[in-house]
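Please open the structure in a viewer and keep the selection tool at hand. The tour below proceeds by selections, one stop at a time.

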Amino acid sequence: MTMTHTLTPTADLATDIDDVARLLSPEGERIADPELDRWVADVDAAALRGLYRDMVLLRRIDTEGVALQRQGQLGLWPPCQGQEATQIGTARALRADDFAFPSYRETGVVYARGGKPADFVLAWRGEEHSTYNPYDINTATQQIIIGAQSLHAVGYAMGIQRDGTDQVSAAYFGDGASSQGDVNEAMVFASSFGAPVVFVCTNNQWAISEPVSVQAKFPIAGRAPGFGIPSMRVDGNDVLACLAAMRWAIDNARRGNGPAFIEAVTYRMGPHTTSDDPTRYRDKGEVEAWRRRDPIARVEALLRSLGEFDDAFTASVEADADALAAGVREAAMTATTRDPRTVLDNVYAEPHSGIDEQREWFSAYLDGFAAEEAGR
């Protein structure tokens, strides 16, 4: 599916939440869509419950992360409340041997790919560079440099071509990153070489304190066809639509047709990070309007209408969420901070005189603090 209808560039179009593909209304009513339905024909009640459970657990991880940062256990946390459907829906479409390249906010992608409790917090606590081995869960280290991972994803996809396999890679980035040169360069390479990569742009309406309408007068998905890349604009708060769109994009890439682009229109309910105060630049009414489009609530409404949501299921999900949250908290609270000198370990595979000199200098620097403390 490629956006082919003509749109006149205006600020309103960039934020239009009705001009999206959708399978589930904000009220939880199933909507037929001839383009998307076939991609989720296998999703039964059990699968819906699984998607619901994933989103609830992701929100609980996110809530725990914010709390730990406020308590001084983490240096920073990038909340993803409100974006659960985008992250879970797209990540669950990936095959185990596909490779994901998430940004710093894609906690749900790491979770869906098999991340463990410690994997969500140790980097934000400053204890580990990556917290997980990317090759254990086929997911790259969460990238904090805006848009850089899009180039990494395309490079990996070009490697897939040379290996002659049918894997795909997936690059996740936000609406703000779509204005970065890295993302546009990545799309040039992906299109030119027909790389099997899926670009997932999470349009959460705000690039820190700037609304999307400042940088986009036209739906972001409309940019991709200019690079020769088919695109789809979906309701990012609809987990079924996100799953269907990602399956379409992956199928396109896996069959050798090259890259595809998804714009998931959603909303960042919390701050950009825990160092941000969104009340300084966002209207309360806007936030409340998006709260009524909650991605978890609409799946619950659908399950209830199907008679597939009861107290036993709720208790089971809550118990799983409690256990996961406890694991996340324990991982943060029991982390052992390594000697600062270890930051220089593993810089090179072999001994290196330059690193030895730096270690000697750094040791003397640290010892200076100890001497200062002893003299007090």
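The stops that follow cover a helix, a strand residue, two helix pairs and a loop residue. The model is a predicted one.

**First stop: helix α8**

Select residues 181-193, which form helix α8. At 1.5 Å a residue, these 13 residues should span 18 Å, and the end C-alpha atoms are indeed 18 Å apart, so expectation and model agree. Next, highlight Val183, Ala186, Met187 and Ala190, which are buried in α8. Because these residues cover an arc of only 100° around the axis, they lie on the same side of α8. To see what they pack against, add α7 (148-163), β2 (169-174), β3 (197-203) and β7 (260-265) to the selection. Then move to glycine 194, which follows α8 and has a positive phi, near 60°.

**Second stop: threonine 202**

Remain with strand β3 and select threonine 202, which lies in it. Is this threonine buried or exposed? Threonine 202 has a relative accessibility of 4%, under the 20% limit, and therefore counts as buried. Show its contacts beyond four places in sequence: Gln83, Thr86, Glu106, Phe173, Gly174, Asp175, Ala264 and Thr266.

**Third stop: helix α3 and its partners**

Two packed helices are described by the angle between their axes and the distance between the axes. Select helix α2 (residues 45-70) together with helix α3 (residues 84-91); their axes come within 10 Å and cross at roughly 130°. That angle makes α2 oblique to α3. On the α2 side, the contact is made by Leu51, Asp54, Met55, Leu58 and Arg59, and on the α3 side by Glu84, Ala85, Gln87 and Ile88. The crossing of α2 past α3 is right-handed.

Keep α3 selected and replace α2 with helix α10 (residues 239-254): α3 and α10 pack at an angle of about 35°, with their axes 7 Å apart. Here too, α3 passes α10 in a right-handed crossing. In this pair, Ala85, Thr86, Ile88, Gly89 and Thr90 of α3 meet Val239, Cys242, Leu243 and Met246 of α10.

**Last stop: proline 117**

Finally, select proline 117, in the loop between α4 (107-112) and α5 (122-125). With a relative accessibility of 25%, proline 117 counts as partly exposed. Which residues does proline 117 contact, leaving aside its neighbours within four places in sequence? They are Leu324, Gly327, Val328 and Ala331. For a distance check, draw a line from proline 117 to leucine 48: the two are 69 residues apart in sequence and 24 Å apart in space, C-alpha to C-alpha.

Definitions and conventions:
Residues are numbered from 1 along each chain as its sequence is written. This is a predicted model: local features need pLDDT of at least 70, side-chain atom pairs count only at pLDDT 80 or more; totals for chains, interfaces and linings use all residues. Side-chain values use heavy atoms; hydrogens and water are left out. Helices (H or I, at least four residues) and strands (E, at least two) are DSSP runs, numbered from the N terminus. The expected span of a helix is 1.5 Å times one less than its number of residues. Buried means under 20% relative accessible area, exposed over 50%, partly exposed in between (1.4 Å probe, protein chains only). The arc is that of the directions from the helix axis to the C-beta atoms. Contact means heavy atoms within 4.5 Å. Axes are lines fitted to C-alpha atoms, for helices over the stretch in contact, and angles run from 0 to 180 degrees between N-to-C directions. Angles under 35 degrees count as roughly parallel, over 145 as roughly antiparallel, 65 to 115 as roughly perpendicular and the rest as oblique. A crossing is left-handed if the near helix is turned anticlockwise from the far one by less than a right angle, and right-handed if clockwise.
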